[in-house]
Structure formats: structure tokens, C-alpha cells
Amino acid sequence: MTKKLMFEKPLGMRDTLPFFHNKKEHVRKNMAQVIESHGYQFMDTPLVEYHETVGKMSATHDTHLFKLLDQQGHTLVLRPDMTAPIARVAASQLKKEGFPLRLAYDGSVFRAQQSEAGKPAQFEQVGTELIGDHSSYGDAEVIALLIDSLKQTGLEEFVITVGHIGYVRSLFEELLPGDQDAVAALLSYLHRKNYVGYEKYVRSLGVSQEAKDNLNALLRLRGGEGVFEEARALSKGQAGLKAMNDLKQLYRTLQEYDVASFVQFDLNLISHMDYYTGILFEGYAPNVGALLCNGGRYDTLLPSFELNASATGFAVHVERLVEALDGASDTKKGPLCLLVDDATFKAGLQEAARLRQQGDQVVIQHIDQVADVEKFSLKFKTVREMYKEGGDR
Amino acid sequence: MTKPLTIAMPKGRIFEEAAGLMQQAGYDIGAGAEESRKLILEFPEQNINVMMAKPMDVVTYVEYGAADIGIAGKDVLLEQDRDVYEVLDLKISPCYIAVAGLPDQPLSRIAPKIATKYPKVASDYYREQGEQIEIIPLNGSIELAPLIGLSDRIVDIVSTGRTLKENGLVEYEKITEITSRLIVNPVSYRTKSERIDPLIEKMGEQVGVNS
């Protein structure tokens, strides 16, 4: 092992410098404002949880968990997402509150990474959970809230892609009755975004040509509400029908929310192998090369914490959202500076108090400590050299 | 005008074939690319930018969104396991990954050694076979390894088998077929679908997806 140099940080960890902190703060504040205005209540949970509970229930793969041991030898994890800890709280301390529950969070999550740029091991998520509302009104509420809060930060161009895992599963079960292995293989190809492998696998299956055509047609079920008709034609089963009705209802409700223009459908979208159970979605912005936000309905997480409820929620990757906004949000004015000496110090304090009252940010700096006034001044919106004005002693 | 569509193309051997295919599909991006040393070629009349990349790196450019789409070998996709859509088998530059070694030589019983440019493909393959092996990563002239006793076997790309033959090696097992694939960045796939979908469709017609 090489000796670490003073400036080095653990793999995938980043510092948040003041300019970036400001931008994050802008995003945070704007999102929180919209989320709170919809009656969602912010909460927080510990950074560290038991591996046996939150670690295992979380959607994050075990190899991406940061693990540590406590003094008693229990394995702990740094929380890999906020959904599992909030489910833990909802199923324990909050279970008597009466459902549906509307909760929100803003916190850092941790995912251990391989050595690669651009995949942070710690990042911030702002999100919501709507627990105990099983309807597609619930799904629509969460998606509409996501869209509103993204808009509030100043983001103009983005796409929310919506899918339904229930539809995919029911289509597979209809076309490949009883063939669990084939269903798992096809889901895995979709999850890995490998359409070539999917089509090859379909070719190798011992089912009718019509079934094969229908399986391949799933890959093309993308676009606006037009896909509903095609999707209906492919799947005739009860579960498929229910899923399609969910999606139609969702679309109608999103139209009522007046946000449908941000939404497109992609019925082969699989965000995660076996976490989501109904409607799920991902959001993208054109100038960021990776997922901006995602979410969906999950039915099995809360039961694993012994609460029989379904929930839906979204999580926004704050750093990527800042990247997507790219300076558009840089509204911070920056502080003023009053340069004082012994004689003008008191006058400086009074002036600063007056300016702060007006909402300005004011630094008072004694001139003796500034070696290079010109360089120091670059940091500020304006600098007043009060020491030159002289004081009344 | 909308932002140009950025295509990462593999330099070298595969380029001609890949550019030919693009041209047949109505995307004329081959002109002068190979002769020039420029790494970014602009085709403003088609609103396309082409990046000339090392074949191994095409997938990286596409994953990070530096390019919207790219043409990459399945070998690289298998080895690097990146988050991109693999939408079309272009069926060009066909070859396969195989296990080879000196004739009639059984695997060593203590820690068999495998030399390869594809450590992940090789270890995945042997894990599936229920065999624990040790990988010796090499960057080229893999065939040397068994000849000089560095490894028991090699895992490498075979297209004609001539290199193996000339070095007195034989093929033991075929691991997987390799062709070039059309890959798409997940974000571009959603946000530029009005440009990318027709491209996939036209390319698909050329390679006969539905036949």
C-alpha cells in the first residue's frame, strides 16, 4: 500500500467547495419549498444502520454497501439510500400516525464504487415517500410533485420516462407460462439494457413465432399515449389489463396536473431487478450523461419491516441536478467586505449591522491581516476601505 | 438548430465497415475520416459530429454521455459491463473469443494460469465451468504466453485462427461469438429519441433485424 498524500480522499469521495455548496443550497431550498407546500414532512435518519435490516432490504446491491463493525461485532452499513430507513421508521415509530403518510428527506447516501471517475461514493438525494396510498392517484401525485420541484429549481428541459413492471411480468407469464428461468433471463436482459441479447434469447426459446414476435414487440413499446393500444393488444391477461388501466389512469391524472408533456412511456423500462412492483420511472436531462432521478411503487419493502402497505416515491440526485442547471441557478450575490483598522472598527460594526439588516452578507476584516488587498478583494461583490475614511476617536 | 448528434466511431480495422453501414443507412460520415488525423469530424449539413476513438474506448465515451451513440465490439461490452443500451447487432467484424493453448496439454492442477486481454470474460467463463484459475493480464501478443510457459491457456479473440496455427497453438473451447454492436447512452436514448430511433430503425433495416 502506498502512503496517502495529505490531499487525498477515499475513492469516490468529493469535497463540496463554497461555490458548489451555494448551488446545491439553491436546489435544496427550491425543491424543499415545493415539497413542503404539498404537505410532505421532512425527516432524517441515522447515517449508519444495521446490515441485517436496512442493509439487506435496500435496493442497493450488497457489493456497493460500505460496511463496518460496531463494538459488539454487528455489521453496520452507511445508508445506501433513504427509502429503506424511512420504511423502517414508517413501520415502527410512525405506524400509529394513520396512513397515507407523506414524508420527505434530504440527505447523503453512500455507494462503494470501483475506481472510476464520475461515480461518486457519497451523494445527496432529495426525495419523497407516499406510504399507504395504493392508487394511481398516489403514483401521479409523486410524479407531478417531482416535475414541479424540478421546474422550481429552474430546470426547463427534462424527460420523465414511465414504465410498469407489472405489465412486463404479466406479458412474460402469459407468453412463457411456467418458465421461470426464461422470465428471469428476459428481465435481466432488459435490466442490463441489452436488446441484442434479449432478441437472441427470444429466438432460442421453444415457443410459437407469434409469441416471439410479441416478446420482441415489447422492445418497441415506447412513446406517448399511443403505446397503450399496442400494449393492450400484446397482453390479454388480467394482470396486464390492470397494469394498462393503471397507466392510463396515471396519464389522465398527469394531464389534470398539467405535467403530461414531460412524461413519456417505455414499457420495457426495468430500473431494478426486483425492487419495484408497479409503476416506475426515471428522469433525464439532456446535458447530464446519467440518471437524474428515479422512483416508483414498491410493495414488498414495507412488509419486510412488518408493515402491510404499499408506497411510492422519488429521489433526485442533487449533484447531477446542479450539473444539469449548469450555472443557471447561480443567483447568489456574494458578500460585501468592510476593511477596517483599530480606529474604524466600531464604525464598521455599526455599518455591518445596518447592511445585514437589509439582507446583505457582510464580512468585517481588519486590514492588518490582509497582505494583498487587491487579491483579497476579488472574493467580494464590493469592498469598502473604511480604514482610509478614518474614524472619530 | 438542435445540438448535433455525436457518434463515437472505432478507429482502424472496423471503421471502414462501420462507416459503410452508416452510409447505406443514409448517414454519410465516412468521407476522409481515416486519412485525416482529426479526432472530431463535423457534418453540419446532417447535424452530426463524429468522434474517432480507440475501439476499446468507444463504450466509455458513450457511457459518460460524451457521445450519444457508438459502434463497439461485443468483446469490449462483455469485458467492461457498462451502463449503455445495446440496441443492434451490426453483424460486422465477426470473430469469437476462445480458449487456446499448446496441444495435448491438460490444465495445471495447482492454480491454472490464463493469460488474456479480457480478464473479466476469462474469469467469468472459468467460474461458470467451476474452475478456479489465476489471470495474467497482457495487452497484446497473447499467443506468446503458453509458448514460453507463462500460462497454461490463453483467452483471446480469434478471427481466422491463423495466428494460433502459426504459433503451434490449438483452440480448446469457444467462449462466445463477437460482432460489433450499436450502443446508445441511456440519457440520449430518452432525450434524443426523435433522432436516435430513426437511426436505429434504418441501421436495423441494413443488417436485417426483422429477416
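Buried area is the accessible area that two parts lose on being put together, summed over both. In the predicted model described here, the area buried between chain B and chain A is about 1,900 Å². Carbon and sulfur atoms give 45% of this area. The interface brings 22 residues of chain B into contact with 25 residues of chain A. On the side of chain B, B:Tyr64, B:Val187 and B:Arg190 supply 34% of the area buried against chain A, more than any other three residues.

Charged and polar interactions accompany this burial. Between chain B and chain A, 5 salt bridges are counted. One of the residues involved is B:Arg190, which forms a salt bridge with A:Asp266 in which the closest N and O atoms are 2.0 Å apart. B:Arg190 thus appears both in this salt bridge and among the three residues that supply 34% of the area buried by chain B against chain A. In addition, 11 residue pairs, with both members at pLDDT 80 or more, are in polar contact between the two chains. Strand 5 (85-89), helix 7 (186-191) and helix 8 (193-207) of chain B each supply at least two residues of the side that touches chain A. By class, that side of chain B has 9 nonpolar, 4 polar and 9 charged residues.

Chain B itself is divided into domain 1, which covers 5-93 + 179-206, and domain 2, which covers 95-177. The C-alpha centres of the two domains of chain B lie 30 Å apart. Where the domains meet, 7 residues of domain 1 of chain B are in contact with 9 residues of domain 2 of chain B. The area buried between these domains is about 720 Å², and carbon and sulfur atoms give 56% of it. Three residues, B:Asp75, B:Leu78 and B:Glu79, supply 65% of the area that domain 1 of chain B buries against domain 2 of chain B, more than any other three residues.

With respect to specific interactions, the count of salt bridges between domain 1 and domain 2 of chain B is 0. Polar contacts, by contrast, are present between these domains, with 4 residue pairs counted, both members at pLDDT 80 or more. The side of domain 1 of chain B that touches domain 2 of chain B is made up of 1 nonpolar, 2 polar and 4 charged residues.

Methods. Residues are numbered from 1 along each chain as its sequence is written. Chains are lettered from A and ligands numbered from 1 in the order in which they are written. This is a predicted model: local features need pLDDT of at least 70, side-chain atom pairs count only at pLDDT 80 or more; totals for chains, interfaces and linings use all residues. Side-chain values use heavy atoms; hydrogens and water are left out. Domain bounds come from an automatic or database domain assignment. Contact means heavy atoms within 4.5 Å. Buried area is the accessible area (1.4 Å probe) that two parts lose on being put together, summed over both. A salt bridge is a side-chain nitrogen of Lys or Arg within 4 Å of a carboxyl oxygen of Asp or Glu. A polar contact is a pair of N or O atoms within 3.5 Å; within protein, one must be able to donate a hydrogen and the other to accept it, and residues adjacent in sequence count only if both atoms are side-chain atoms. Ala, Val, Leu, Ile, Met, Phe, Trp, Tyr, Cys and Pro count as nonpolar, Asp, Glu, Lys and Arg as charged, and the others, Gly among them, as polar. Helices (H or I, at least four residues) and strands (E, at least two) are DSSP runs, numbered from the N terminus.
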